[in-house]
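User: Hi! Could you walk me through how some of the strands in this structure fit together?

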Amino acid sequence: MTGKNEPEISVGIVSGSGLTFTLHGDYLTAEGGRKLTGRYTAVAENDRLLLKNEAEVIRPGDEIILTPSAFGSCSFTLHAVTIGVNFHWQRNEDQTFRGILKFILRGGQVTAVNVLPVEEYLVSVISSEMSATSSGELLRAHAVISRSWLLAQIDKTLRLSNAGEKYRTSFVTDTEITRWYDREDHRDFDVCADDHCQRYQGITRSTTKAVEEAVHGTGGEVLMYSDFICDARYSKCCGGAAELFENVWEPVNHPYLRKVIDAGSEAGTPDIDLTDEKNAVEWISGKPEAFCNTSDRQILSQVLNNYDQETHDFYRWSVTCQQDELSDLVRERTGIDFGRITSLEPLARGTSGRLIRLRITGEKKSMVIGKELEIRKALSKSHLYSSAFYVEKVEDQGETLFVLHGAGWGHGVGLCQIGAAVMGASGYTYRQILFHYFVDAEIKKLY
Ligand SMILES: [Zn+2]
Ligand SMILES: [Zn+2]
């Protein structure tokens, strides 16, 4: 990934037994050079991929590539795409894209894939992720990390496939489940279009001049450490301190992803060891000074687009669950019957105070689960905001309540979006923002 030309990226948009779409303008099929336009449905029928409309049925084999006759003036709409899968903002909408549309048949399902130049993709991703009111420096910082992350993922896919290794993400014994969620199921494309990778909605929402300027102004720039493109992660709110990569995903240390206290030195925020249980409880129950410790609506609206604004308390939060409710929830979410849950016991925490191993004990069974997202999934109908929490068991009128006191939103590794928004609004440049979160990394222009 060090060539001079801008690379292309393939993005998996949606899968299903049938996908309806509309081509605006002429699209050419790869073989035969047919021109298609208008509304079709791609269906999987008896292990064959078919494209249908009222007039005809096209049988392309197990893959079809539709190339726009002109990139700028052609687009396609995929109807009723589910976004925010399993998140609390899940909804269906029509989405429109530019570039190549590819359908792949796999395991009886049709997947729609969009292939387009990296910089076009970035304009869309950053427009989806960030509000039009964001500061230019925040947008530039985001352009560089999104580009770095993306190119690092393409490199990683190549490395894994060349090495012929199977990338394992799940380790299960009778007493312990260790699992993480990364790009494990993306074999037919580089990234998916949902929050799992980066939220991508094509040109469904209009892009802003500011985002275009931020992407073009940093064109080809990536974060590098030694000879590697940084796997530049980001999440909504670190909670005051950053987490390490290996505490969230596979056990690999990236030297540029360290514990960072998310504050300037003038704030005097103590750098205490949050892997220590007592310190973590003190940290979470306090409200230490940090860039992301803000309730400034103007700044928050830069990072939280409309449907995310449903969430307000993220720096410090609490969730209360009745004992039976919790027992049902955990059984439903993990598929394990613990019986009535009697305790949630922290066993190991990372540098941000996020739990990486939690023992769940019930009247029938006791088990350890990890890492952070596995814990968040087990304890909430969608996702708990973060795994940086401690548990208080309260007796209230003969009822047992579990109160989870937490900090931050997301995995906390790399750039803290809310912290970065505050830095951008306070006059820091995008380079200063990036070097705050990615310690000892460099910015280089690849193409
Ligand atoms: Zn993904
Ligand atoms: Zn933060």
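User: How many bridges join E9 to strand E10?
Analyst: Happy to help! This is a predicted model, where local features need pLDDT of at least 70, side-chain atom pairs count only at pLDDT 80 or more, and totals for chains, interfaces and linings use all residues. Residues are numbered from 1 along each chain as its sequence is written. Strands (E, at least two residues) and helices (H or I, at least four) are DSSP runs numbered from the N terminus, and two strands pair if DSSP finds at least two bridges between them. E9 and strand E10 (residues 109-117) run antiparallel, and the bridges joining them number seven.

User: Which residue in E10 stands opposite phenylalanine 103?
Analyst: The hairpin of E9 and E10 has two residues between the strands, and glycine 107 there takes a positive phi near 55 degrees. Opposite phenylalanine 103, in E10, stands alanine 112.

User: Is strand E9 largely enclosed or open, and why?
Analyst: Buried means under 20% relative accessible area, exposed over 50%, and partly exposed in between (1.4 Å probe, protein chains only). Five of the seven residues of strand E9 (residues 100-106) are buried, so the rest of the structure leaves E9 largely enclosed.

User: What is the bridge partner of isoleucine 65 in E9?
Analyst: Strand E6 (residues 63-68) pairs with E9 in the antiparallel sense over four bridges. In E9, the partner of isoleucine 65 is lysine 102.

User: Which residue in E20 is the bridge partner of isoleucine 360?
Analyst: Strand E19 (residues 355-362) and strand E20 (residues 366-370) run antiparallel, joined by four bridges. In E20, isoleucine 360 has as its bridge partner methionine 367.

Notes:
Chains lettered and ligands numbered in written order. Heavy atoms only, no water.
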